[in-house]
Amino acid sequence: MTALTKYQKLESAGLWRSGRTAQLREVVVNLGDTSLVLTDPRTGQALAHWSLPALDRLNANEHPALYSPDPEGAETLELDDVDMVAALEQVHSVLDAARPHPGRLRNRILTGLALGIVLIGGLWLPGALIRHTAAVIPASTRSDIGRVVMADLTRITGQPCTGRRGQQALAKLGPRIFGPGPARRIVVVRRGIETAIHLPGREIVLPESLLAEGDSADIAAGAIVVQGLMADRNDPMIPLLRHAGIAATLRLLTTGALAPGEVAGYAETLVTAPVATVPDAAFLAAFGAAGVPVTPYAEARYPGTPKADALAEGDPFADAAPPPLLADEDWVGLQGICAQ
């Protein structure tokens, strides 16, 4: 048993004050691998999430212990549970040992932080380092990694199709579906995949065969909506880092890059992975927000099944046509994206 194993999934009662003038409130405190979660004991609703590295004790060696995630101590948590206090003190000592000190070179600071995270991950719960790394890497790094994954995927699919008119249509379809904000890159490939997939870096890959289904962009657009929803619900970096391994994850955290060799072979895992299930309510809400009808995609994806019927019944555009996805000439150009 490691020093922290006995504290996994620890839970206790506590008294939470959300601000200096707020009244004390009884909460249930759950200790996770990277955060402290405070919930309402009656409803189970999460009231606050505190990052463990940001947590400070305000009254060392006193009891009950008083903690705060705020340097000013405006928000506080009072704990009387001996095991919970011991666990937090243990975590604090591990994190404190990994804190950087002024004057060290940048690479030594990053290495120190990474080693601290590795220590916590090793002592706390498997996968903590991977989840932490996925949470902190910037969007530009995710895009770079997405390109490395796409390069590995081309062993199976060949290079993405580059027809000019099709590319122009995709440039219109993405913003039409997802609206303003960080763009998602959509590419089409000739072979190797039967359904759409998503990659790190907000990239969605469509099989050319999907463009032959139906007489409009509804089915392809539906596949794009679903992949965007899945990427938002389950970070695609996490399975990739599990494939790459802990050593590669540590190098990513310290250098900001994954080498092609660390990604090699992930394409096979990606295209054979089981499709995650999405609750119908979330499914329908995503289509409604995107302005895409559900029924064409549901009937193509789940033909003749109760799932297709249920989704069609909840189609937000069952009685009203959504805004058009693409002009006819753009849809024709998209269908021919792999012909050039």
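## Why we call it that: a chat about this fold

Author: DSSP runs in this protein add up to 14 helices and 10 strands. Keep in mind that the model is predicted.

Reader: How much of the protein is buried?

Author: Of its 340 residues, 44% count as buried. The accessible surface is about 17300 Å², and 54% of that belongs to carbon and sulfur atoms. As for contacts with a separation of 6 or more, 58% are between residues 24 or more positions apart.

Reader: Let's take a residue. Why is Ile193 called buried?

Author: Its relative accessibility is 9%, and buried means under 20%, so Ile193 counts as buried.

Reader: Where is Ile193 found, and what is it in contact with?

Author: Ile193 sits in the loop between β8 (185-189) and β9 (197-199). Setting aside neighbours within four places in sequence, Ile193 is in contact with Thr157, Val205, Leu206, Pro207 and Val271. Also, its C-alpha atom is separated by 9.1 Å from that of Glu208, 15 residues apart along the chain.

Reader: On to the cores. Which residues touch the most other members of the largest nonpolar core?

Author: Those are Ile177, Leu206 and Leu334, in a core of 39 residues. At least two residues each come from α5 (164-178), β8, β10 (203-207), α6 (218-233), α11 (280-290), α12 (295-301) and α14 (328-335). The most come from α6, which gives nine residues.

Reader: And what is Leu334 in contact with?

Author: Beyond its neighbours within four places in sequence, Leu334 is in contact with Gly166, Ala169, Leu170, Leu173, Leu211 and Leu326. Another core, of 25 residues, lies apart from the largest one, and its members include Ile193, Leu240, Leu252 and Leu258.

Reader: What makes the reach of α5 close to the expected one?

Author: α5 has 15 residues and reaches 22 Å from its first C-alpha to its last. At 1.5 Å a residue you'd expect 21 Å, so the reach is close to the expected value.

Reader: Which residues of α5 are buried?

Author: Gly166, Ala169, Leu170, Leu173, Gly174 and Ile177 are.

Reader: How do you know that they are on the same side of α5?

Author: They cover an arc of only 135 degrees around the axis, and therefore they are on the same side of α5. On the other side, Arg164 and Ala171 are exposed. The cover over the buried residues of α5 includes β8, α6, α11 and α14. Just after α5 comes Gly179, with a positive phi of about 75 degrees.

Reader: What about phi in residues other than glycine, say Asn61?

Author: Phi of Asn61 is near 65 degrees, a positive value. Most residues other than glycine have a negative phi. Asn61 lies in the loop between β5 and β6.

Reader: Why is Asn61 called exposed?

Author: The cut-off for exposed is over 50%. Asn61 has 80% relative accessibility, so it counts as exposed.

Reader: Then why is Arg202 called partly exposed?

Author: Its relative accessible area is 32%, so Arg202 falls in between buried, under 20%, and exposed, over 50%. Arg202 is in the loop between β9 and β10, and its phi, near 60 degrees, is positive too.

Reader: What makes the peptide bond from His63 to Pro64 cis?

Author: Omega there is near 0 degrees. Most peptide bonds are trans. Pro64 is found in the loop between β5 (56-57) and β6 (65-68).

Reader: Now two threonines. How do you know that Thr133 counts as buried?

Author: Thr133 has 0% relative accessibility; buried means under 20%, so the label applies. Thr133 is in helix α3 (residues 128-136). Leaving out neighbours within four places in sequence, Thr133 is in contact with Leu241, Thr249, Leu252 and Leu253.

Reader: And why is Thr141 called buried?

Author: A relative accessible area of 9% is below the 20% limit, so Thr141 is buried. Its place is in helix α4 (residues 139-157). With neighbours within four places in sequence left aside, Thr141 is in contact with Leu252 and Gly256. So Leu252 turns up in the contacts of Thr133 and of Thr141, and Leu252 is also among the residues of the 25-residue core.

Terms used
Residues numbered from 1 in each chain as written. Predicted model: local features only at pLDDT ≥ 70, side-chain atom pairs only at ≥ 80, totals over all residues. Heavy atoms only, no water. Helix = DSSP H or I, 4+ residues; strand = E, 2+ residues; numbered from the N terminus. Buried < 20%, exposed > 50% of the residue type's maximum accessible area, 1.4 Å probe, protein only. Contact = heavy atoms within 4.5 Å. Core = buried A, V, L, I, M, F, W, Y, C linked by side-chain atoms within 4.5 Å. Areas by Shrake-Rupley, 256 points an atom, 1.4 Å probe, with all protein chains shown as cover. Arc of directions from axis to C-beta.
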